[in-house]
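Please open the model in your viewer and keep the selection panel at hand. The stops below are meant to be followed in order, each with a selection to make and a note on what is found there.

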Amino acid sequence: MLKRSTNYSPIRVLILTAAKHRIQGVQEEKKNNLRNALSCYTEGIALNCKNDDMNAKLYLLRANIHQCLGEFT
């Protein structure tokens, strides 16, 4: 049986984990669970995954949730 290589670099693992949080957040948004979505995006940001594109997406999505909840100044 062939084995798949799972030798991901630590940075790659962080990016994939952040992407997982982004996807979960989007799913929570679709269910109108905005607080859960906010939590998912915040957890993704906390990973500090060193990928500017992923971080930008997470910050934008989180900002949109804050706006939907009326939590802005």
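Are α1 and α2 roughly parallel or roughly antiparallel to each other? Before turning to the angle, please keep in mind that this is a predicted model. Select the two helices together: their axes come within 8 Å and cross at roughly 170 degrees, and α1 and α2 are therefore roughly antiparallel to each other.

**First stop: helix α1**

Select residues 10-30, which make up helix α1. This helix has 21 residues, and the distance from its first C-alpha to its last is 31 Å, close to the 30 Å expected at 1.5 Å a residue. Now colour the buried positions of α1, which are Ile-15, Ala-18, Ala-19, His-21, Gly-25 and Glu-28. If you then display the other helices, you will find that the buried residues of α1 pack against α2 and α3. Moving on past the end of the helix, select Asn-32, which follows α1 and has a positive phi, near 65 degrees.

**Second stop: where α1 meets α2**

To see the contact itself, select Ala-18, His-21, Arg-22, Gln-24, Gly-25, Val-26, Glu-28 and Glu-29 on the α1 side, and on the α2 side Leu-34, Asn-36, Ala-37, Cys-40, Tyr-41, Glu-43 and Gly-44, which they meet.

Within this group, centre the view on Glu-28, a residue of helix α1. Glu-28 counts as buried because its relative accessible area is 16%, where buried means under 20%. Setting aside residues up to four places away in sequence, Glu-28 touches Asn-33, Asn-36, Ala-37 and Cys-40.

Keep Glu-28 in view and add Lys-31, with which Glu-28 forms a salt bridge whose closest N and O atoms are 3.6 Å apart. The two partners are placed in opposite settings, since Lys-31 counts as exposed at 53% relative accessibility, whereas Glu-28 is buried.

**Third stop: the other salt bridges**

How many salt bridges does the structure hold? There are three, and the pair just visited, Lys-31 with Glu-28, is one of them.

For another, select Glu-71 and Arg-35, whose closest N and O atoms are 2.5 Å apart. This pair links distant parts of the chain, with Glu-71 in the segment after α3 (52-68) and Arg-35 in helix α2 (residues 34-46), 36 residues apart. Glu-71 counts as partly exposed, at 31% relative accessibility.

Then select Lys-57 and Asp-53, which form a salt bridge with the closest N and O atoms 3.3 Å apart. Why are these two separated by about one helical turn? Lys-57 and Asp-53 are four residues apart in helix α3, which accounts for that separation. An α-helix has 3.6 residues a turn, so residues three or four places apart point the same way. Both partners can be coloured as partly exposed, Lys-57 with a relative accessible area of 35% and Asp-53 with one of 46%.

**Fourth stop: where α2 meets α3**

Select α2 and α3 next, and look at how they pack: the angle is about 150 degrees, and the axes are 9 Å apart. That angle makes α2 roughly antiparallel to α3, the cut-off being over 145 degrees. As for the handedness, α2 passes α3 in a left-handed crossing. The residues that make the contact are Leu-34, Ala-37, Leu-38, Tyr-41, Thr-42, Gly-44 and Ile-45 of α2, together with Leu-58, Tyr-59, Leu-61, Arg-62, Ile-65, His-66 and Cys-68 of α3.

From that selection, centre on Arg-62, which is found in helix α3 and counts as partly exposed at 22% relative accessibility. Which residues is Arg-62 in contact with, leaving aside its neighbours within four places in sequence? They are Leu-38, Tyr-41, Thr-42 and Ile-45. For a distance check, pick the C-alpha atoms of Arg-62 and Thr-42, which are 7.1 Å apart in space although the residues are 20 apart in sequence.

**Last stop: Tyr-59**

Finish with Tyr-59, which lies in helix α3 and is partly exposed, with a relative accessible area of 43%. Adding Gln-24 to the selection gives a pair that is 35 residues apart along the chain, with the C-alpha atoms separated by 15 Å.

Notes. Residues are numbered from 1 along each chain as its sequence is written. This is a predicted model: local features need pLDDT of at least 70, side-chain atom pairs count only at pLDDT 80 or more; totals for chains, interfaces and linings use all residues. Side-chain values use heavy atoms; hydrogens and water are left out. A salt bridge is a side-chain nitrogen of Lys or Arg within 4 Å of a carboxyl oxygen of Asp or Glu. Buried means under 20% relative accessible area, exposed over 50%, partly exposed in between (1.4 Å probe, protein chains only). The expected span of a helix is 1.5 Å times one less than its number of residues. Contact means heavy atoms within 4.5 Å. Axes are lines fitted to C-alpha atoms, for helices over the stretch in contact, and angles run from 0 to 180 degrees between N-to-C directions. Angles under 35 degrees count as roughly parallel, over 145 as roughly antiparallel, 65 to 115 as roughly perpendicular and the rest as oblique. A crossing is left-handed if the near helix is turned anticlockwise from the far one by less than a right angle, and right-handed if clockwise.
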